[in-house]
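Colleague: Please pick one part of this predicted model and describe it closely for a first-year student. Take it step by step, and keep to what the model shows.

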Amino acid sequence: QVQLVESGGGLVQAGGSLRLSCAASGSIFSLNVMGWYRQAPGKQRELVATMTSGGSTNYADSVKGRFTISRDNAKNTVYLQMNSLKPEDTAVYCCYYNRVVVPRFAFWGQGTQVTVSS
């Protein structure tokens, strides 16, 4: 089992910044991927950004150039720096963990609300 604890959500005006953190604990496999997905009301969950333990990143086109994912492998923690926030970024942001080798099983955090006002 892997536990994910998120922090850093909140309310911010358009153009502002927020930083999300997610700390993983439990049965952490060294070769893993961590990151963030989000779900807005009435919409499907979508990828925001992920980063492997080896440093490879993947971003949604909608956040490229505005969001930056980083991680501290020693702390099993992943961060999401969100700049130039837009109202359409409003969503519940969920932390994600998975192994990059089989067997794979996704773990999710409880989510943190990000609200961007116009």
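**A strand and its surroundings**

Modeller: V100 lies in the loop that connects β9 and β10. With a relative accessible area of 38%, V100 counts as partly exposed, because this class covers the range between 20% and 50%. V100 also belongs to a nonpolar patch on the surface, together with L31 and V101. The accessible area of the three residues together is about 210 Å². Keep in mind throughout that this is a predicted model.

From this loop, go back to the strand before it. Strand β9 covers residues 91-99. Seven of its nine residues are buried, so β9 is mostly covered. One residue in β9 is Y96, and it makes a useful example. Its relative accessibility is 10%, and Y96 is therefore buried, because the cut-off for that class is under 20%.

What does Y96 touch, leaving out residues up to four places away in sequence? The list is L4, V33, M34, G35, Y37, R104, A106, F107 and W108. Y37 is 59 residues from Y96 along the chain, yet their C-alpha atoms are separated by 7.1 Å. There is also a polar contact, at 3.2 Å, between the side chains of Y96 and N98.

Some of these contacts can be placed in the strand pairing. β9 pairs with strand β4 (residues 32-39) in the antiparallel sense, over eight bridges. Within this pairing, G35 has Y96 as its bridge partner, and Y37 has C94. Y96 also has a bridge partner in β10, namely W108. Strand β10 (residues 107-108) runs antiparallel to β9, and two bridges join them. G35 and W108, both bridge partners of Y96, also appear in its contact list.

β9 has a further antiparallel neighbour, strand β11 (residues 112-117), to which it is joined by three bridges. Here Y93 stands opposite T112.

Now follow β4. Six of its eight residues are buried, so the rest of the structure largely encloses it. Apart from β9, β4 pairs with strand β5 (residues 46-52), again in the antiparallel sense, over six bridges. Y37 stands opposite L47 in β5, and its bridge partner in β9 is C94. β4 and β5 form a hairpin with six residues between them. In that turn, G42 has a positive phi of about 75°.

A residue outside the strands can be read in the same way. V63 sits in the loop between β6 (57-59) and β7 (67-72). Is V63 buried or exposed? With a relative accessible area of 0%, V63 is buried, so a position in a loop does not by itself settle the class. V100, in the loop between β9 and β10, is partly exposed at 38%. Setting aside neighbours within four places in sequence, V63 is in contact with R38 and V48. The C-alpha atoms of V63 and A23, 40 residues apart along the chain, are separated by 22 Å. For Y96 and Y37, 59 residues apart along the chain, the separation is 7.1 Å.

Key:
Residues are numbered from 1 along each chain as its sequence is written. This is a predicted model: local features need pLDDT of at least 70, side-chain atom pairs count only at pLDDT 80 or more; totals for chains, interfaces and linings use all residues. Side-chain values use heavy atoms; hydrogens and water are left out. Helices (H or I, at least four residues) and strands (E, at least two) are DSSP runs, numbered from the N terminus. Buried means under 20% relative accessible area, exposed over 50%, partly exposed in between (1.4 Å probe, protein chains only). Contact means heavy atoms within 4.5 Å. A polar contact is a pair of N or O atoms within 3.5 Å; within protein, one must be able to donate a hydrogen and the other to accept it, and residues adjacent in sequence count only if both atoms are side-chain atoms. Two strands pair if DSSP finds at least two bridges between them. Patches are made of residues with over 30% relative accessible area and no salt bridge: like charges are joined within 9 Å, nonpolar side chains (Val, Leu, Ile, Met, Phe, Trp, Tyr) within 5 Å. Accessible areas come from the Shrake-Rupley method with a 1.4 Å probe; for residues, only the protein chains shown count as cover. A salt bridge is a side-chain nitrogen of Lys or Arg within 4 Å of a carboxyl oxygen of Asp or Glu.
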